[in-house]
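Me: I am new to this structure. Please take me through one part of it closely, in short steps, and then show what lies around that part.

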Amino acid sequence: IYQKQTDSLETSADIARDQQVRAQQMARFSQQLTVNPTDPTTQTRLNQTITAYEHDLSRLESRSTTTEFRLGTAPARLTGDIQANRELWTAYRHRLRTVRTNPAVNSSYADSSSYVATHQQDIDSQLDRIADQYERSEGEFATELDVIAQLQLLNSQISSYTTLIANNEQI
């Protein structure tokens with residue numbers, strides 16, 4: 001079970017790092033829409049990236065980051081960062097929608113575009129903290145796995161020695 005938890009934490013860290021890339025992409029696509037607000041390719045890419053970001057944020061929140069194993073609880077130190085990311089994402093997503101749906105001459109478009117450019121770094125920083133925490137937790141589980149493996153080896157050796165002693169054999 002420890003190995004599955006370590007694998008899940010590793011996957012969670014990877015998802016958080018992927019989310020950083022998506023946040024950067026969304027800011028870039030938003031900026032591209034400032035130049036060409038009706039570009040269907042950029043609109044599609046932005047929509048796909050928003051959908052992927054939302055999906056993976058939900059996976060981080062629910063701790064279901066792998067298909068074969070669900071981590072029962074995330075490290076306690078992550079809960080606040082994940083909730084803060086959700087709150088920032090909600091405001092950020094609203095502004096992305098404004099950029100996608102309003103003409104470039106609209107004042108809310110300019111405000112939203114500026115917000116996206118400014119707050120992308122905030123999202124990136126939060127995701128960096130989340131990924132770092134998952135990686136730290138992964139390291140802690142890996143250390144526990146090493147200790148467990150050593151204990152299993154010692155237990156096996158003790159069992160072997162006990163059998164030898166019980167049979168009056170030499171060690």
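Reply: Ile82 sits in helix α3. The model is predicted. The relative accessibility of Ile82 is 5%, so this residue counts as buried, the cut-off being under 20%. What does Ile82 touch, not counting residues up to four places away in sequence? The partners are Leu60, Glu61, Ile130 and Tyr134. Ala16 is 66 residues from Ile82 along the chain, and their C-alpha atoms are separated by 9.9 Å.

Stay in α3 and move on to Trp89. At 0% relative accessibility, Trp89 is buried. Beyond its neighbours within four places in sequence, Trp89 is in contact with Met26, Ile50, Tyr53, Glu54, Leu57, Leu96 and Ile123.

Two aromatic pairs occur in the structure. One joins Tyr53 and Trp89: the ring centres are 4.2 Å apart and the planes lie at 35°, so the pair is tilted. Tyr53 belongs to helix α2 and Trp89 to helix α3, so this pair ties together parts that are 36 residues apart in sequence. Both Tyr53 and Trp89 are buried. Trp89 also pairs with Tyr92, with ring centres 6.2 Å apart and planes at 40°, so that pair is tilted too. Trp89 and Tyr92 are both in α3, three residues apart, or about one turn of the helix. An α-helix has 3.6 residues a turn, so residues three or four places apart point the same way. Tyr92 is buried, at 0% relative accessibility. Together, Tyr53, Trp89 and Tyr92 make one aromatic cluster.

Now the wider setting. The largest nonpolar core has 28 residues. Which of them touch the most other members? They are Met26, Trp89, Tyr92, Leu96 and Ile123. Helices α1 (2-35), α2 (40-62), α3 (76-101) and α4 (107-166) each supply at least two residues of this core.

Look across to α2. Its buried residues include Leu46, Ile50, Tyr53, Leu57 and Leu60. With 23 residues at 1.5 Å a residue, α2 should span 33 Å; its end C-alpha atoms are 33 Å apart, which agrees.

Then turn to α4, the helix that holds Gln120. Gln120 has 12% relative accessibility, so it counts as buried. Outside its neighbours within four places in sequence, Gln120 is in contact with Ala23, Gln24, Ala27 and Tyr92. Tyr92 is thus a partner of Gln120 as well as a member of the aromatic cluster.

One last ring: Arg95 lies over the face of Tyr115, at 4.2 Å from the ring centre.

How values were computed: Residues numbered from 1 in each chain as written. Predicted model: local features only at pLDDT ≥ 70, side-chain atom pairs only at ≥ 80, totals over all residues. Heavy atoms only, no water. Core = buried A, V, L, I, M, F, W, Y, C linked by side-chain atoms within 4.5 Å. Buried < 20%, exposed > 50% of the residue type's maximum accessible area, 1.4 Å probe, protein only. Helix = DSSP H or I, 4+ residues; strand = E, 2+ residues; numbered from the N terminus. Contact = heavy atoms within 4.5 Å. Expected span 1.5 Å × (residues − 1). Phe/Tyr/Trp six-rings, centres within 6.5 Å; stacked < 30°, edge-to-face > 60°. Lys NZ or Arg CZ within 6 Å of the ring centre and 35° of its normal.
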